[in-house]
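Here are my notes for anyone opening this structure for the first time. Have the model open as you read, and take the points in order.

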Amino acid sequence: MTTLKAPADTVTKAAHAPAGERTSGGLGAAARDRLQQLLAFAGLIVIVAFFSLASGDFFTYGNITNVLFSTVVIGLLSVGTTFVIITGGIDLSIGTGMALCAVMSGAFIVRMGLPLPVGVLGAILFGGLIGLVNGLNVALLRIPPFIATLAMMLVAQGLALVISHSAPIYFTNAPGYTRISTGNLIPGADFPNAVVILVVVAVIAGVVLNKTTLGRYTYAIGSNEEATALSGIDVRKWKIVVYTLAGLFIGLAGVMISARLGSAQPATGMGYELQAIAAVVIGGTSLTGGKGSLVGTVIGALIISVLNNGLQIMSIPQEWQDVILGCVILVAVYADMMRKRAA
């Protein structure tokens with residue numbers, strides 16, 4: 001199948017253009033991207049309205065807080081994955097990588113007795129190490145991202161079981177660890193820290209993607225990798241940087257999920273990668289690279305969380321929840337294909 005890419009001169013200009021002038025597809029493409037985000041947001045409103053009418057237990061302060069709380073892990077993974085997918089890559093290791101980082105957090109803090117900040121930082125950096133290995137495999141060894149990260153997914157899954165001895169690691173003796181996720185940073189507000197952390201991280205990531213050289217090169221590589229290289233940009237180096245950055249989000253997600261559960265569960269990661277990738281696609285990021293936004297990704301993550309929460313409240317069996325989520329992903333991918341054909 002032939003993949004349409006932006007012309008070389010357009011990519012070269014886009015890669016070096018100041019923020020706000022990156023118009024690889026012109027005003028029409030920008031308008032279509034905005035339309036995709038608006039459609040995703042409208043879809044979120046419709047889903048929320050549907051569940052609010054279907055159940056009186058859905059649109060309550062406590063449940064909305066639960067929805068936001070459950071969005072944190074998927075949201076963090078989705079934010080990091082957005083960078084990778086915009087370059088035209090994919091990362092299947094984010095779910096099991098997250099579980100491995102959670103286990104490493106337990107190993108650092110509980111088993112090795114490291115101070116809490118050191119243990120948390122170590123877990124996040126370990127996620128960066130996973131991303132670095134992925135980036136080296138993709139950029140230097142030229143292994144297709146699907147294969148490289150699939151292998152890492154299995155490696156991380158196995159290491160999580162080996163290091164944890166196939167048993168959860170509980171943070172009973174580190175009560176401050178759970179407050180990272182469940183505590184309240186905002187005095188007087190019943191709002192979990194994890195949600196605040198997600199918002200802050202998403203804003204910072206948005207600035208990086210839209211206002212920095214890394215962000216411009218991320219779009220340029222995804223639009224036309226060959227033209228970007230010909231323009232003098234070290235594509236391999238920047239790919240490694242992107243995968244490493246995405247790995248840091250994996251590490252942070254590992255800290256958040258283990259802090260929320262109060263334990264590092266070595267077998268919890270499988271399946272999160274599909275939900276995170278689905279959130280990115282639903283938010284309008286193209287699977288072929290070159291287009292996407294973090295605003296859309298956050299909306300996509302909220303749609304996934306609202307669907308999961310609403311279906312559980314309506315007591316829909318888990319197997320049917322999977323069917324519905326799969327159909328939503330199919331619709332999102334088909335919409336992405338239609339958008340590219342119209343471009």
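1. A term to begin with: a residue is called exposed when its relative accessible area is over 50%, and buried when that area is under 20%. Threonine 172 comes out at 63% relative accessibility, so it counts as exposed. You'll find threonine 172 in the loop that runs between strand 1 (169-170) and helix 7 (175-182). Keep in mind throughout that this is a predicted model.

2. Now the overall picture. The protein has 14 helices and two strands. Of its 343 residues, 50% count as buried. Taking the contacts with a separation of 6 or more, 80% are between residues 24 or more positions apart.

3. Next, have a look at helix 11 (residues 235-261). How far apart are the end C-alpha atoms of helix 11? They are 39 Å apart, and since 27 residues at 1.5 Å a residue should span 39 Å, the two values agree. Helix 11 is also mostly covered, with 19 of its 27 residues buried.

4. Just past the end of helix 11 sits glycine 262, which takes a positive phi of about 75°. This takes us back to the loop in point 1: the C-alpha atoms of glycine 262 and threonine 172 are separated by 7.4 Å, although the two residues are 90 apart along the chain.

5. Which way does helix 3 (residues 61-86) run against helix 11? Their axes cross at roughly 170° and come within 8 Å. An angle over 145 degrees counts as roughly antiparallel, so that is how helix 3 and helix 11 lie to each other. On the helix 3 side, the residues that meet helix 11 include Phe69, Val73, Leu76, Gly80 and Phe83. Among their partners in helix 11 are Val242, Leu245, Phe249, Ala253 and Arg260. By class, this contact has 18 nonpolar, two polar and one charged residues.

6. Helix 11 also meets helix 4. The axes of helix 4 and helix 11 come within 7 Å, crossing at roughly 60°. That angle makes helix 4 oblique to helix 11, and the crossing is right-handed. From helix 4, the contact takes in Ile94, Gly97, Met98, Cys101 and Ala102, while helix 11 brings Ile250, Gly251, Ala253, Gly254, Ile257 and Ser258. These residues divide into seven nonpolar, four polar and no charged. As a reminder of the helix geometry behind such lists, an α-helix has 3.6 residues a turn, so residues three or four places apart point the same way.

7. Helix 4 (residues 94-111) has another partner in helix 6 (residues 145-164): the two pack at an angle of about 25°, and their axes are 8 Å apart. Angles under 35 degrees count as roughly parallel, so helix 4 and helix 6 fall in that class. Helix 4 passes helix 6 in a left-handed crossing. Thr96, Leu100, Val103 and Arg111 are among the helix 4 residues involved, and Met152, Ala156, Leu159 and Ile163 are among those from helix 6. The residues of this contact divide into eleven nonpolar, four polar and one charged.

8. One residue to click on in helix 4 is alanine 107. Is alanine 107 buried or exposed? Its relative accessible area is 8%, so it is buried. Beyond its neighbours within four places in sequence, alanine 107 is in contact with Met112, Ile163 and Ile169. Its C-alpha atom is separated by 9.3 Å from that of alanine 123, which is 16 residues away along the chain.

9. Another alanine worth a click is alanine 202, in helix 8 (residues 193-211). With a relative accessible area of 16%, alanine 202 is buried. Setting aside residues up to four places away in sequence, alanine 202 touches Leu294 and Val298. There is also a link back to point 5: the C-alpha atoms of alanine 202 and valine 79 are separated by 6.8 Å, with their positions 123 residues apart along the chain.

10. Last, helix 9 (residues 213-223). How many of its eleven residues are buried? Ten are, so helix 9 is mostly covered. Among the buried residues of helix 9 are Leu214, Arg216, Tyr217, Tyr219 and Ile221.

Notes
Residues are numbered from 1 along each chain as its sequence is written. This is a predicted model: local features need pLDDT of at least 70, side-chain atom pairs count only at pLDDT 80 or more; totals for chains, interfaces and linings use all residues. Side-chain values use heavy atoms; hydrogens and water are left out. Axes are lines fitted to C-alpha atoms, for helices over the stretch in contact, and angles run from 0 to 180 degrees between N-to-C directions. Angles under 35 degrees count as roughly parallel, over 145 as roughly antiparallel, 65 to 115 as roughly perpendicular and the rest as oblique. A crossing is left-handed if the near helix is turned anticlockwise from the far one by less than a right angle, and right-handed if clockwise. Contact means heavy atoms within 4.5 Å. Ala, Val, Leu, Ile, Met, Phe, Trp, Tyr, Cys and Pro count as nonpolar, Asp, Glu, Lys and Arg as charged, and the others, Gly among them, as polar. Buried means under 20% relative accessible area, exposed over 50%, partly exposed in between (1.4 Å probe, protein chains only). The expected span of a helix is 1.5 Å times one less than its number of residues.
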